[in-house]
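Trainee: I'd like to go through this one and ask why each label is used. Can we take it step by step?

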Amino acid sequence: MPVQNAPIAYDFHGDQPFSVPFADIKPEDIHIYLDLDTKVGKNTCGQKCTHCWFVNYEKVYDRSFAMEEGPLIKAGLESQGFHVYPRYVDSFAYDGEFMRIYGPANNREFRQDADHTPTETMAKGDAWTSGRPLLADNWAELLDLARESGYGTISITYHGVIDENLAVIDDGSYPIKGVFTGALTEEVLRRIGTYNEQWRARSGESDDAFRVNIGVTVGRHNHGRESLERYVHYFNKLGVDTVRFNNYAAHGGKHAELQMSHEEIAQAYLDLKELHETVDMSFQLGVSEDFGTFGIKVMGFPGHVGWCRAGRQLFAAIPTPEELLSEADDERREKIGDIVGCVNTFEPHLGILVRTTAGGEEAGYRVEFDHEEIEAFTAKRLSGHYKDGCFARELAEEQQLVSRVPERRRLPIVETAG
């Protein structure tokens, strides 16, 4: 009997054709990740993962916008029509201070099916965490705060390899260092489960307070059909709601040996598709756009998926030292941030974030895009200068000259219906 799994979820960063001039893309079709705080450590995620993009890129390491100014920036950009996603290292950072300020925020868009239907993860706020804050003594209070703030999903990045007995291998051999381990994640899941039980008992509700979304990083340490199938059975056993696989990236050149080749990525797509069609999944399977486009056709996604819209419909605003740009006619114009394309490598530079003040009025905020650079970057993608739909790896190699892979024939962008 055929399995009846939920549709595979994918990342949504927009679907405007690359032939559309950037000047014709409306603000409401542009998504901006607002990197409010990139500080790692005990007050935020409690970790310092060796491959973390916030650790490995100097331009975002240990940066933040002023806590009181972040909401003003977000509101200012949203008033112009942009979709703005507050992003910080951990939603539970500083004992939940970001939740108190921003309410039920989502950190990205997840969709399903050909008509881009939002997944259940998008129904309420999505609290992103390493898991470490929920091992603290005040874990229940933090979950109370998340629920009261309107969050309905807890998203945890999972780092662990599963053995043939469907147990996490907890012998210190996991190759990425500084991460929150799979064994510790199991304890966090137990705590969320306990919280959900207590919530149902005292509220009379039949639904859980929180869904659980797990993110699994796939590289040469854990790829392959057998390994991926073990994850499926393992998370079936743990009773989570979503399992989203993403592609390992060697940020800063760290653990470059774990990066999969294009052929291995194509095989991962095939393995995930076959598992979805043949193995019962009690959760919704999600596949990150950072796997790129080599082999993606087998997934049957809408044609734009995999061809990331970063640099056209997706940008990150990152904090920079303040810089006076102009002061005339009682108006002061200051640069407070950079606008970059790839939200994980923070390149290329495609504009600035500006604060304006005039007289006694409140400050205003706007994005000043560099249209010439955006069009030049689009031209590189259309020409096949960047061959993969997720150009992050090629861009990092170009910028840092690390982890180079053999040259391949140029593959200009061709979007299909899947």
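Mentor: Sure, and let's begin with a pair: Arg-87 and Asp-35 are both buried. Keep in mind throughout that this is a predicted model.

Trainee: What makes Arg-87 and Asp-35 a salt bridge?

Mentor: The rule asks for a side-chain nitrogen of Lys or Arg within 4 Å of a carboxyl oxygen of Asp or Glu. For Arg-87 and Asp-35 the N to O distance is 2.6 Å, so the pair meets the rule. Arg-87 sits in strand S3 (residues 83-88) and Asp-35 in strand S2 (residues 31-37), so the bridge ties together parts that are 52 residues apart in sequence.

Trainee: How many salt bridges does that rule give?

Mentor: The count comes to 28 salt bridges. In general terms, side chains of opposite charge can pair when their charged atoms come close.

Trainee: How do you know that Asp-144 and Arg-147 form a salt bridge?

Mentor: Their closest N and O atoms are 3.6 Å apart, and the cut-off is within 4 Å, so the pair counts. Both lie in helix H4 (residues 139-148), three residues apart, which is about one turn of the helix. An α-helix has 3.6 residues a turn, so residues three or four places apart point the same way.

Trainee: Why is Asp-144 called partly exposed?

Mentor: Buried means under 20% relative accessible area and exposed means over 50%. Asp-144 has 23%, so the label is partly exposed. Arg-147 also comes out at 23% and counts as partly exposed.

Trainee: What about Glu-334 and Arg-332, buried or partly exposed?

Mentor: Glu-334 has a relative accessible area of 9%, so buried is the right word for it. Arg-332, at 29%, is partly exposed. Their side chains meet in a salt bridge, 3.4 Å from N to O. Salt bridges that share partners join Glu-69, Glu-322, Glu-327, Arg-332, Glu-334 and Arg-355 into one network.

Trainee: Back to H4. How do you know that its buried residues line one face?

Mentor: The buried residues are Trp-139, Leu-142, Leu-143, Leu-145 and Ala-146. Seen down the axis of H4, they fall within an arc of 155°, so they line one face of the helix. On the other side, Glu-141 and Glu-148 are exposed.

Trainee: What do the buried residues of H4 pack against?

Mentor: They pack against H3, strand S7 (151-158) and helix H5 (182-203). Take Leu-145: at 13% relative accessibility it is under the 20% cut-off, so it counts as buried. Leaving aside neighbours within four places in sequence, Leu-145 is in contact with Asp-95, Gly-96, Met-99 and Arg-100.

Trainee: What makes Asp-95 stand out in its backbone?

Mentor: Asp-95 has a positive phi of about 55° although it is not a glycine. Its place is in helix H3 (residues 93-102), and with a relative accessible area of 48% Asp-95 is partly exposed. The exposed label needs over 50%, so Asp-95 does not get it.

Trainee: Which other residue that is not glycine has a positive phi?

Mentor: Phe-346 has one, near 60°. Phe-346 lies in the loop between S12 and S13, and at 0% relative accessibility it counts as buried. In that loop between strand S12 (331-340) and strand S13 (349-358) you also find Pro-348. A cis peptide bond joins Glu-347 and Pro-348, with omega about -10°.

Trainee: And the cavity: why is it called one?

Mentor: A cavity is a space where a 1.4 Å probe fits but cannot get out, so that is what the name claims here. The count comes to one cavity of 30 Å³ or more, and about 70 Å³ of space lies in the largest cavity.

Trainee: Which residues lie nearest the centre of the largest cavity?

Mentor: Of the 13 lining residues, Ala-9, Phe-110, Thr-242, Arg-244 and Gly-286 lie nearest its centre. Strand S1 (9-11), strand S9 (242-247) and strand S10 (284-287) each give two or more residues to the lining. By class, the lining has four nonpolar, seven polar and two charged residues.

Definitions and conventions: Residues numbered from 1 in each chain as written. Predicted model: local features only at pLDDT ≥ 70, side-chain atom pairs only at ≥ 80, totals over all residues. Heavy atoms only, no water. Helix = DSSP H or I, 4+ residues; strand = E, 2+ residues; numbered from the N terminus. Buried < 20%, exposed > 50% of the residue type's maximum accessible area, 1.4 Å probe, protein only. Arc of directions from axis to C-beta. Contact = heavy atoms within 4.5 Å. 1 Å grid on protein atoms, 1.4 Å probe; cavity = no way out; pocket = protein on both sides within 12 Å on 5 of 7 lines; lining within 4 Å. Points joined across faces, edges and corners; volume = space filled by probe spheres on them. Nonpolar A, V, L, I, M, F, W, Y, C, P; charged D, E, K, R; others polar.
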